[in-house]
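User: I have a structure to learn, and I would like to go through it in short steps. Please take my questions one at a time.

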Amino acid sequence: MSHLPIHLARRMASIQPFFVMDLLGRARRMEAAGRSIIHMEIGEPDHPTPEPIIRAGLDALRRGDLHYTPSLGLPALRESIAAFYQERYGVAVPAGRIVVTPGASGALLLALGALIDPGDRVLLGEPGYPCNRHFVRFLEGEPVGVAVGPEGRYQLTAELVARHWRAGTVAALIASPANPTGTVVAADALAAMVAAVEGRGGRLICDEIYHGLVYEGQTTTALACSDELFVVNSFSKYFHMTGWRLGWLVVPEGYVDAVDRLAQNLFLAAPTPAQYAALVAFAPETRAILDARRDEFRQRRDFLLPALRDLGFVIPVTPEGAFYLYADCSAFTDDSFAFAERLLEEAGVAVTPGRDFGANAPERHLRFAYTTSLANLAEGVRRLGRFLA
Ligand SMILES: Cc1ncc(COP(=O)(O)O)c(C=O)c1O
């Protein structure tokens, strides 16, 4: 035991944990004690990293090529990402504007770090990815949670941006497809939002981490709309590389120098073996594996969505992407947190309560992740059915 008093910075008071981690810990302890648990709380792909990526990572380790890379990333990887934008979206993005980061998390920190002064406001849709508001608070800005609902496909819109923009607002942050709702911002809505933000002298940050995991329609990158916005992406989700901690950020030309300085000071560089491994992430052999997995996620969505609706969960819009369903559970409870605890204890099904995703009716919502096999999902649905009966 330390004899010194614990001194915590005041900002720590507004940094909350992921509540689901408690639940996951409890689920793991129950499994260790012999209980069978169906995991629908986990926000990462269940399949391993594709073999070609692992081989490339091992090759880098064997070569011993493990020095720091430049802060902005391995030049060859930045070129590969630029080529990916051209091939996938037909959008020319110079490699010079691409920064390789420790995950989308590192990219979000760099983008927000370069933009926010203490007190600056950032518009965020709620429900939304919880780290965003904590990043803003860490930088002593003001995260402004804007309630988004099924009428706007759970996404910020140009109209909401206009309604909530005030003096001191510097940015709006969206994710498409989104966590926890899986919805995509349509191309015309995206263009309107870019115009709304840039017309007010602000910057749009668009988190495209779930690109590649879209099951219908065309996805456009926000970079097709403007060179003046920030795009966050990652090797975590579609590329199945969560633990390698690798992502990227595309920045407007005028921000490259500032973001380079921040990256040098905060991280020095993204992990070197992961960067070498990711050099083969865009190769046709790897993409074939990843696209087959995307198709499997689609099958899971197409099974789970109607099954949950049949049970009485309300999922008003069909999510086009990611691997989440955000369900209104108010037919069963007015306390989704207690309900998730009972589901775990009594039914052996782990889900994420709405409380992790902000202040917009969290007590009425649960997030179901289809990051487990169809057979497990079917068993989960059976257990839910028995529990609700
Ligand atoms: C919307 C969103 N952005 C960013 C992240 C962070 O991902 P990573 O740092 O693994 O790339 C996540 C992880 O779940 C996410 O859901």
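User: Which helix gives the largest share of the lining of the largest pocket?

Analyst: This is a predicted model: local features need pLDDT of at least 70, side-chain atom pairs count only at pLDDT 80 or more, and totals for chains, interfaces and linings use all residues. Residues are numbered from 1 along each chain as its sequence is written, and side-chain values use heavy atoms, with hydrogens and water left out. On a 1 Å grid over the protein atoms alone, a pocket is an open set of points with protein on both sides within 12 Å along at least five of seven lines, and lining residues have an atom within 4 Å of a point. The largest share, four residues, comes from a helix (a DSSP run of H or I, at least four residues, numbered from the N terminus), and that helix is H4.

User: How much space lies in the largest pocket, and which elements give two or more residues to its lining?

Analyst: A volume is the space filled by probe spheres set on the grid points, which are joined across faces, edges and corners. For the largest pocket this comes to about 650 Å³. The pocket has 29 lining residues, with Phe18, Gly43, Tyr129, Lys237 and Tyr324 closest to its centre. Two or more residues come from each of helix H1 (19–32) and H4.

User: How does that lining divide by class?

Analyst: Ala, Val, Leu, Ile, Met, Phe, Trp, Tyr, Cys and Pro count as nonpolar, Asp, Glu, Lys and Arg as charged, and the others, Gly among them, as polar. By that scheme the lining of the largest pocket has 14 nonpolar, eight polar and seven charged residues.

User: Where is the ligand, and which helix gives the most residues to its shell?

Analyst: A molecule sits in a pocket if more than half of its atoms lie within 2 Å of the pocket's grid points. The ligand takes the space of the largest pocket. A residue is near the ligand if one of its heavy atoms lies within 4 Å of it, and the shell includes Gly103, Ala104, Ser105, Tyr129 and Lys237. With three residues, the most to this shell come from helix H4 (residues 103–115).

User: What share of the ligand's accessible area does the protein cover?

Analyst: Start with polar contacts, which here are pairs of N or O atoms within 3.5 Å. An oxygen of the ligand is 2.7 Å from a backbone N or O atom of Ala104, and a ligand oxygen is 2.9 Å from a side-chain N or O atom of Asn179. A ligand nitrogen lies 2.6 Å from a side-chain N or O atom of Asp207. Of the 400 Å² accessible on the ligand alone (Shrake-Rupley method, 1.4 Å probe), the protein covers 91%.

User: Which elements give two or more residues to the lining of the second largest pocket?

Analyst: That pocket has a volume of about 250 Å³. It is lined by 18 residues, and Arg88, His211, Gly212, Thr219 and Arg294 lie closest to its centre. The elements with two or more lining residues are helix H3 (75–89) and helix H10 (284–311).

User: How many cavities of 30 Å³ or more are there?

Analyst: Rolling a probe the size of a water molecule over the atoms shows where empty space is left. A cavity is a set of points where a 1.4 Å probe fits but cannot get out. Searching the whole structure for cavities of 30 Å³ or more gives two.

User: Which elements each supply at least two residues of the lining of the largest cavity?

Analyst: The largest cavity has a volume of about 190 Å³. Its 19 lining residues include Gly125, Pro127, Gly128, Tyr129 and Leu173, which lie nearest its centre. Counting strands too (DSSP runs of E, at least two residues), the elements are strand S3 (121–126), helix H5 (130–138) and strand S5 (169–175).

User: Where is Pro127, and what is the omega of the peptide bond leading to it?

Analyst: Pro127 is in the loop between S3 and H5. Most peptide bonds are trans. The bond from Glu126 to Pro127 is cis, with omega near 10°.

User: What is the phi of Tyr154?

Analyst: Tyr154 is among the residues that line the second largest cavity, and it belongs to the loop between strand S4 (142–147) and helix H6 (158–164). Most residues other than glycine have a negative phi. Tyr154 has a positive phi, near 55°.

How values were computed: Polar contact = N/O pair within 3.5 Å; in protein donor to acceptor, adjacent residues only side chain to side chain.
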